[in-house]
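User: Hello! I am new to this structure and would like to learn how to read it, one feature at a time. Could you guide me?

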Amino acid sequence: MSDKIFLKIEGHDRETAVREIIGICLKCGVTICEVLPEDEYVLSRAKDSGEKIAVTTELCCLGKHGKKEYIHLKKQGKDDKQNMTDAVKLGFYYLFTELFGRSLPWGAQTGIRPALLASKRFEEMSLKETICSLEEDFSISHEKAELAAEVALNEAALLKKYPRRGISLYIGIPFCPTRCLYCSFVSLPLSKQKKNVEPYVDALIKEAEYVGELIKNEGETVDSIYIGGGTPTSLDEKQLEKLLAALEKALNTENIYEYTIEAGRADTITE
Ligand code: SF4
């Protein structure tokens, strides 16, 4: 199979959701098309009729072909877009599991913070109900549903222990060695953007100085600094050192709860 599959969408605008679930299930990207080819394609069609959404998904690839109709009952507390997102992802996922005889540990859940799903449910449900609803709503395995619930409980305990006093700063480094298929973040591959990294760091330092000044003038304090991405460790040692030293100078970090730098790509980490 090539690294992209053709995708035709009808009756909805949840292209990103379908892209994500295809990326996770088939490990490929998509090319949007109006006319379906003979092979290597996905058709995702949906019709919203008030309380439910009728989804038709057709998949043809790797010598297999199948079509599935799925009726999604809208969930209260979710808007129409969120319901449509769930419906088209589940429609594809159910067809994929049927055709290929495989399921995925996180089911049709493609977001980056599954614990958030559990946190929201805890407001109205018991632990057991929360776990069951994650399994039912997204086809998440029991083990992963338990994990999401456990993380959500730990988060809640931490938030209680460290109540918000000041502001939380997020610093984005929008570069990665390569681009992962399922990624929904703003990130550019280093192979094409290396020349822009240094000017980006310099601009970031200027912004940190400005923000540091603003925080001081407003009498605010910093609770946490989170350097994410992309992959912050895409910066080389000198660039990272320069940035961290500038942050140290610009911000008062004495009383912060958390200082995190994401290092999610092993190929970017040095001693
Ligand atoms: S490493 Fe993370 S941010 Fe970078 S492309 Fe992969 S998923 Fe996206």
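User: Into which domains is the chain divided?

Analyst: Welcome! Keep in mind that this is a predicted model. The chain has three parts to follow: domain 1 covers 4-100, domain 2 covers 114-161 and domain 3 covers 167-268. Between the C-alpha centres of domain 1 and domain 3 there are 36 Å.

User: How many helices and strands are there in the chain?

Analyst: You can count seven helices and ten strands. For the overall extent, look along the principal axes: the C-alpha trace spans about 60 × 45 × 35 Å. The chain has 271 residues, and 42% of them are buried.

User: What share of the contacts join residues at least 24 apart?

Analyst: Here we take contacts between residues at least 6 apart in sequence, and 67% of those join residues at least 24 apart. Phe 122 gives you a single pair to look at: its C-alpha lies 8.7 Å from that of Ala 152, although 30 residues separate the two in sequence.

User: Where is Phe 122 found, and in which helix?

Analyst: Phe 122 belongs to helix α3, which runs over residues 114-122. Setting aside neighbours within four places in sequence, Phe 122 is in contact with Leu 127, Thr 130, Ala 149, Ala 152 and Leu 153.

User: Why does Phe 122 count as partly exposed?

Analyst: Buried means under 20% relative accessible area, and exposed means over 50%. Phe 122 has 22% relative accessibility, so it counts as partly exposed.

User: Now for pockets. What volume does the second largest pocket have?

Analyst: Its volume is about 910 Å³. The lining has 16 residues, and those closest to the centre of the pocket are Arg 113, Glu 155, Leu 159, Ser 224 and Glu 258. By class, the lining divides into eight nonpolar, three polar and five charged residues.

User: Which elements each supply at least two residues of that lining?

Analyst: They are α3, α5 (142-161), β6 (167-173) and β9 (222-229). The pocket lies between domain 2 and domain 3, because both give residues to its lining.

User: And which residues surround the ligand?

Analyst: The ligand has around it Cys 176, Thr 178, Arg 179, Cys 180, Tyr 182, Cys 183, Gly 230, Thr 231 and Arg 265. Sorted by class, this shell has four nonpolar, three polar and two charged residues.

Notes
Residues are numbered from 1 along each chain as its sequence is written. This is a predicted model: local features need pLDDT of at least 70, side-chain atom pairs count only at pLDDT 80 or more; totals for chains, interfaces and linings use all residues. Side-chain values use heavy atoms; hydrogens and water are left out. Helices (H or I, at least four residues) and strands (E, at least two) are DSSP runs, numbered from the N terminus. Buried means under 20% relative accessible area, exposed over 50%, partly exposed in between (1.4 Å probe, protein chains only). Contact means heavy atoms within 4.5 Å. A residue is near a molecule or strand if one of its heavy atoms lies within 4 Å of it. Ala, Val, Leu, Ile, Met, Phe, Trp, Tyr, Cys and Pro count as nonpolar, Asp, Glu, Lys and Arg as charged, and the others, Gly among them, as polar. On a 1 Å grid over the protein atoms alone, a cavity is a set of points where a 1.4 Å probe fits but cannot get out, and a pocket is an open set with protein on both sides within 12 Å along at least five of seven lines; lining residues have an atom within 4 Å of a point. Grid points are joined across faces, edges and corners, and a volume is the space filled by probe spheres set on the points. Domain bounds come from an automatic or database domain assignment.
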